[in-house]
Amino acid sequence: MSVDAAYLSPSLPASAGKDTDVTSVPARALGRKLAVFALRQGSLAVFIGVLVYFSIAAPFFFTVGNIGNVLGQSAIAGVLAIGLTIVIIAGGSNVVTGGIDLSLAANMGLSAAVYASLVQAGQGDAVAIIGALGTGLLIGAVNAAAITLAGIVPLLATLAVMNVVAGLELVLTQNTVVPASTEFLSTLSASGPFGIPVLAYLLLVFTALVAAVVQYTPVGLRLYAVGEFPEAARAAGLRVKLFVSGAFLASGLCGGLSGILSVSYLSGSTTGAGDMLLPVVVTALLGTVFSRRLVPTIGGTLLATLFVSFLINGFQLLNISSTLVSGVQGLLILLVVSATTLLKRKGNQ
Amino acid sequence: MAQSSPKPSSFNVRGLARYALVAAFVAVFAVFSAIAPAFLSGANLLSVLVNNFALLAIVAIAMTFAVAAGGIDLSVGTAIDFASFAFVSLVLAGQPIPLAILGALAGGSLVGVFNAILISGIGISPFLATLGTLFVGRSAQQLLTNGGNPVYLPPSGVPEAFRFLGHGVIAGIPVPLVVAFVLIAGAYLILSHTRFGRVVLATGIQASVVRYSGLALSRYTAATYVLVSVIAAVAGLIVTSTVTVYIPSSGNAFLLNAIGATFIGTTLDPHGRPNIPGTVLGVLLLSIVANGLLLSGLNFYWQQVATGLLIFSVLAIGFANRKAASRA
């Protein structure tokens with residue numbers, strides 16, 4: 001959407017008309033700023049409001065143990081959503097031709113299966129970790145090649161790769177649960193300091209690392225440049241394809257990492273990884289609302305992941321049917337996107 | 001949305017490679033005939049058409065309209081489910097079949113109206129809007145069915161007219177197939193030979209041009225998404241009458257294949273645009289591959305890998321081609 005807007009406004013003569021009413025432009029800009037501010041703070045306010053409500057309604061909600069558990073449970077989806085966010089940043093927000101990686105959830109499934117199978121085959125954790133991360137990286141590489149070399153639009157390339165990867169997972173596991181338990185895996189799924197799960201710490205550290213690279217380094221800045229206006233980035237001498245490939249490799253690696261996390265969390269690899277796909281897509285897209293300029297950010301994605309997890313957790317504690325969760329997710333995304341779209345439209349007029 | 005910058009260029013080189021889809025189709029057909037003798041039998045080919053082709057073709061045609069308009073509809077499965085639910089509920093309530101059919105189409109079109117409001121009314125991009133619809137729809141179905149329980153139609157309580165939809169025969173051709181053919185022909189006529197179709201295609205190529213031409217872009221877009229949901233609702237009707245059960249959120253099973261078939265079909269067009277013949281050929285390819293792999297006795301799990309690889313190669317050839325052409 002923002003890419004479209006960016007393309008359209010400079011290239012269309014008709015949009016020159018927007019400057020005729022010069023006097024009111026600053027006022028409108030201010031109004032828009034206020035509205036964006038309200039939306040951003042509003043979404044944070046809603047987040048906090050929901051947390052406060054759950055804390056009052058369900059006394060157990062606001063305890064270190066529960067919050068730690070929610071963080072731990074968010075680790076798998078969080079790492080996936082962060083991978084997707086990197087792709088969305090580098091590919092732009094046009095979901096069909098730009099940044100999307102539909103193969104992420106299947107990637108997680110296959111990486112987990114590879115890890116569990118290697119452990120079953122008597123290999124050590126080191127080999128299994130290399131196997132899982134290598135699998136993820138390889139999937140990312142195939143995506144990158146299909147998109148930058150063959151020129152397939154990301155939506156389709158990753159869709160086809162998703163099918164192949166999901167099939168390979170079935171071939172590897174024969175559609176069964178492959179149990180795996182090693183010392184390393186139990187350390188991961190155990191509780192760490194302050195009774196908070198190790199997975200929770202992992203999620204926070206991982207987010208911090210990726211956020212540091214994406215939000216605070218020249219590489220990250222260029223990633224945004226490539227995504228928001230590829231033509232300009234190319235004109236400025238950036239190697240667009242390299243950045244896009246890099247983003248898909250990074251997201252593949254995230255898939256491999258979350259595969260490892262899921263093996264530890266579930267004590268093995270299970271089927272049905274594909275069900276994670278759409279929730280992860282929604283989470284990554286939802287994350288934009290937690291950023292200052294309404295763009296995808298790593299921190300925003302973490303907040304969105306936690307928001308969804310806290311909702312699910314709160315519903316469970318309050319005995320509200322968990323079937324409502326997907327509806328709430330859907331409504332959230334629609335609300336958020338409507339609000340941002342209306343704001344952008346107002347800003348462009 | 002419309003960034004697939006169609007550039008006129010020489011057709012000679014591309015002309016050949018453009019038919020990657022046709023070539024893939026012929027090759028797949030030849031290979032399966034060679035390895036599985038049962039493949040070529042009339043009975044088998046008919047079963048492919050009825051069991052694999054008909055339903056997916058209807059959904060993929062619906063998808064083609066959305067993609068032709070420069071968007072996408074991730075909620076086709078939701079429209080299928082809503083139609084299916086309305087149909088089953090009305091039949092169970094003892095309503096006559098024609099009324100139940102109308103109710104089902106109306107139920108499915110609700111999804112389209114919802115999408116239309118989001119996309120043309122508010123201006124949300126189709127991907128996000130229909131993704132939201134998919135999630136809201138899933139929740140709505142779980143609420144309607146007490147947490148996602150299937151709704152069965154007892155075989156005894158099913159009227160004859162109902163059975164006809166799923167298992168009947170018109171002039172020797174099974175009804176689902178007849179419906180699919182009628183919809184294919186109708187969709188082809190609408191997309192290629194009517195004013196509405198031209199506007200839809202123009203929207204997909206350059207939406208702003210449609211607006212500057214003085215056409216009510218938002219109205220056309222709204223109509224497109226309602227049309228998509230109504231076509232998908234027909235698939236819901238047929239699937240329900242075939243299996244006599246409504247399973248919440250089961251329609252999503254068609255989603256990815258429908259998208260795949262539609263985009264595989266775009267490789268048939270010189271400008272890479274969505275088109276009905278291409279979509280139909282894409283569906284045919286997917287159905288033949290599914291059936292052929294089954295007959296070939298290949299491990300069931302490898303079948304999915306093989307299908308994915310095939311889709312991947314067709315797309316890779318098609319897009320690499322288009323890229324080479326636009327560079328020339």
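**Exercise 1.** Find which residues S241(B) touches, not counting those up to four places away in sequence.

*Solution.* Search for contacts (heavy atoms within 4.5 Å). S241(B) touches F87(B), F162(B), L165(B), G166(B) and H167(B). This is a predicted model: local features need pLDDT of at least 70, side-chain atom pairs count only at pLDDT 80 or more, and totals for chains, interfaces and linings use all residues. Residues are numbered from 1 along each chain as its sequence is written, chains are lettered from A and ligands numbered from 1 in the order written, and side-chain values use heavy atoms, with hydrogens and water left out.

**Exercise 2.** Place S241(B) in its helix and decide whether it is buried or exposed.

*Solution.* Start with the helix (a DSSP run of H or I, at least four residues, numbered from the N terminus). S241(B) sits in α11 of chain B, residues 217-243. Next, accessibility: S241(B) is buried (under 20% relative accessible area, 1.4 Å probe, protein chains only), because its value is 1%. Last, the side chain: a polar atom of S241(B) lies 2.5 Å from the backbone oxygen of L237(B).

**Exercise 3.** Identify the residues of the largest nonpolar core that touch the most other members.

*Solution.* Join buried Ala, Val, Leu, Ile, Met, Phe, Trp, Tyr and Cys residues through side-chain atoms within 4.5 Å. The largest core has 178 residues; I152(A), L156(A), F127(B), L131(B), I259(B) and L315(B) touch the most other members. Helix α3 of chain B, residues 42-68, gives the most, with 15 residues. Then separate off another core of 14 residues, among them A83(B), I97(B), L153(B) and F162(B).

Definitions and conventions
Helices (H or I, at least four residues) and strands (E, at least two) are DSSP runs, numbered from the N terminus. Buried means under 20% relative accessible area, exposed over 50%, partly exposed in between (1.4 Å probe, protein chains only). A polar contact is a pair of N or O atoms within 3.5 Å; within protein, one must be able to donate a hydrogen and the other to accept it, and residues adjacent in sequence count only if both atoms are side-chain atoms.
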